[in-house]
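User: Please go through this model with me and set each value against the definition behind it.

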Amino acid sequence: MTSEQTFVIVGAGLAGAKAAETLRAEGFDGRVVIVGAERERPYERPPLSKEYLRGEVERDTIFVHGEGFYADQDIELHLGRTAASLDTDIGQVGLDDGTRLRYDRLLIATGAEPRRLSIPGEALDGVVYLRSVADAEALRERLDRGGSMVVVGGGWIGAEVAASARQRGLDVTLIDPHAFPLERVLGTEVGAIYRDIHVDHGVRMLLGTGVQAFEGSAAVERVRTIDGRVLDCDVVVVGVGVEPRTALALQGRVYVADGIVVDEGLRTSVPGVFAAGDVATAHHPFYSRPIRVEHWANALRQGPIAARNMLGLGETFDRLPYFYSDQYDVGMEYTGFARTWDRVVFRGDPGRREFIAFWLANGRVLAGMNVGVWDVTDAIETLIRSRATVDDRRLADPDVPLEDLVHATGASAA
Ligand SMILES: Cc1cc2nc3c(=O)[nH]c(=O)nc-3n(C[C@H](O)[C@H](O)[C@H](O)COP(=O)(O)OP(=O)(O)OC[C@H]3O[C@@H](n4cnc5c(N)ncnc54)[C@H](O)[C@@H]3O)c2cc1C
C-alpha cells in the first residue's frame, strides 16, 4: 500500500502504540506520527501499582515495544510534547513546541487522568496521585522510607497500592465512603471478600467515611476524616477515579459526552478522526449502548481496531469488557459489564479465595469474575453472550462445565 498520507496518533499510551503497530502490520507505508506528553515511549500502566511500584521488576519490562521498534517501523515519536490545538476543518494538530502536523487521519488516544480531591491540604507535599511511571517512581521512594500511608479511595488503584504498601511493610489505612472496597463495581458480597483480604493482610479499613482535610506544616502529617478521626501519616495516596482527557477533542469540535463519543468502529463525530482506549465512549453492539472502559485490555484491543478503520477496513469493536487485578497473592479477572443486578452466585470457595462470582439479572449472567481460578474467561464470555437463562444451582456447581450452561435451558439470541 503506497501512500502519501499522514496518520497522526495523539497519546503515546497502550492504545496509541498498538494502533501504530497495527498500521504498519496492515501494510500502511505512509507517515505515522505519535505525539506523547510523557518523556517515555509507550508503556503499560498495570505494573505501576504492583510489581514495578514494589521494585520487583526493572524499568525495561514495562514498555509496550522494545527501544528500537519505532525507528525500525519508521514510526515518528514526538515525546515530551503535548498536542495543544486541533483544527479538524483543515486537519491539523498543533504541538506545544509550535510544530504543526497536518493529518489525513487522526487517532485521539489521550487516556484519562486522576480525579483530584479539592479539600484543604490537597497541595501538601506527600499527597500523591498515581498515573504515570514518574508518579510510580516517586511513590516507590516513599515506600522505601517506610512509615505509614493513608490510601484515599478503595477502587482498583487504591486497593492495589494498599496491597503493595503492605507488602513493603508500611502501616496502611484505607478510607472509602462505601461500606466495602470495590463496592461500586463488585457490589457488597464480593466487596466484603476484598475487605477481608485486606484486613487479613493488616490494612486498617475505615469504611463508610470520607476525608475532610489533609494537615501538616509543609508536608502532610495527618488526615482528618469527616467523622472526626485524625490519622497520623507520612504519605497519602489518592485514588478516587479518573476523568477522560477530552480537552483536545473539544477544541476540535469533536462530540464528547463523558468520553469522546465513537461508533462501534471507533469513529468520532468528525470524519477522519477516531478515538480509542480510556478516553473513548464507544457504542457497544452487544449492549446496544455507549460504554467507556478504563482498563488495559480495552486499550490493547481498541487500538488495533481504530487503526484498521483508519485504513478503511470497516471493523467493529464488540469485545466484552475485561480487566484483571492482583492484590497480595490474590489474582482475579472480570469479564462482562454489570451496573445493576438482582443476585450474585458463587461457584467454588470464596473462603479459600478460589471461586467464580457471577452477577445475574432475570436469570442471565451479566458478568463473571474468576479469583484464583484460571482459563475460564472464554467460557464466561460465551455464557454472557449466549444470554442463556441459567439455573442457579447448576451455575454454582463446579462439576457442571460452564459450556453446558450455554444451551442448558434454552439460549435466546435476543
Ligand atoms: C497505576 C495503574 C494501574 C493499573 N492497573 C490495571 C490493571 O491491573 N488492570 C487493568 O485492566 N487496567 C489497569 N489500569 C488501567 C490501564 O492502564 C488503562 O486502562 C490504560 O493505560 C489505558 O490506555 P490508553 O492508551 O487509553 O491511555 P493512557 O495509558 O492514559 O495513555 C494516554 C497517553 O496520552 C498522553 N496524552 C494525553 N493528552 C495528550 C496530549 N494532548 N498530547 C500528547 N499526549 C497526550 C498521556 O500523557 C498518556 O501518556 C491501571 C492504570 C493505572 C494508572
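The turns below deal with the ligand, one exposed residue and the empty spaces.

Analyst: This is a predicted model, in which local features need pLDDT of at least 70 and side-chain atom pairs count only at pLDDT 80 or more, while totals for chains, interfaces and linings use all residues. Residues are numbered from 1 along each chain as its sequence is written, and side-chain values use heavy atoms, with hydrogens and water left out.

User: What makes the pair formed by an oxygen atom of the ligand and the side chain of Lys-50 a polar contact?

Analyst: A polar contact is a pair of N or O atoms within 3.5 Å (within protein, one must be able to donate a hydrogen and the other to accept it, and residues adjacent in sequence count only if both atoms are side-chain atoms). An oxygen atom of the ligand is 2.5 Å from an N or O atom in the side chain of Lys-50, so the pair meets the cut-off of 3.5 Å. For the side chain of Arg-131 the distance from a ligand oxygen to an N or O atom is 2.7 Å. Taken alone, the ligand exposes 1000 Å², of which the protein buries 94%, with accessible areas from the Shrake-Rupley method and a 1.4 Å probe, and only the protein chains shown counting as cover for residues.

User: Why is Asp-89 called exposed?

Analyst: Asp-89 has 60% relative accessibility, and exposed means over 50% relative accessible area, buried under 20% and partly exposed in between (1.4 Å probe, protein chains only), so Asp-89 counts as exposed. The side chain of Asp-89 also makes a polar contact, at 2.9 Å, with the side chain of Arg-253.

User: How do you know what counts as a cavity, and how many of 30 Å³ or more are there?

Analyst: On a 1 Å grid over the protein atoms alone, a cavity is a set of points where a 1.4 Å probe fits but cannot get out, whereas a pocket is an open set with protein on both sides within 12 Å along at least five of seven lines; lining residues have an atom within 4 Å of a point. By this rule there is one cavity of 30 Å³ or more. The largest cavity holds about 100 Å³ of space, a volume being the space filled by probe spheres set on the points. Its lining has 15 residues, with Val-293, Asn-298, Gln-302, Phe-317 and Arg-319 nearest the centre.

User: Which pocket has a volume of about 280 Å³, and which residues line it?

Analyst: That volume belongs to the second largest pocket, which is lined by 14 residues, among them Phe-286 and Arg-387.
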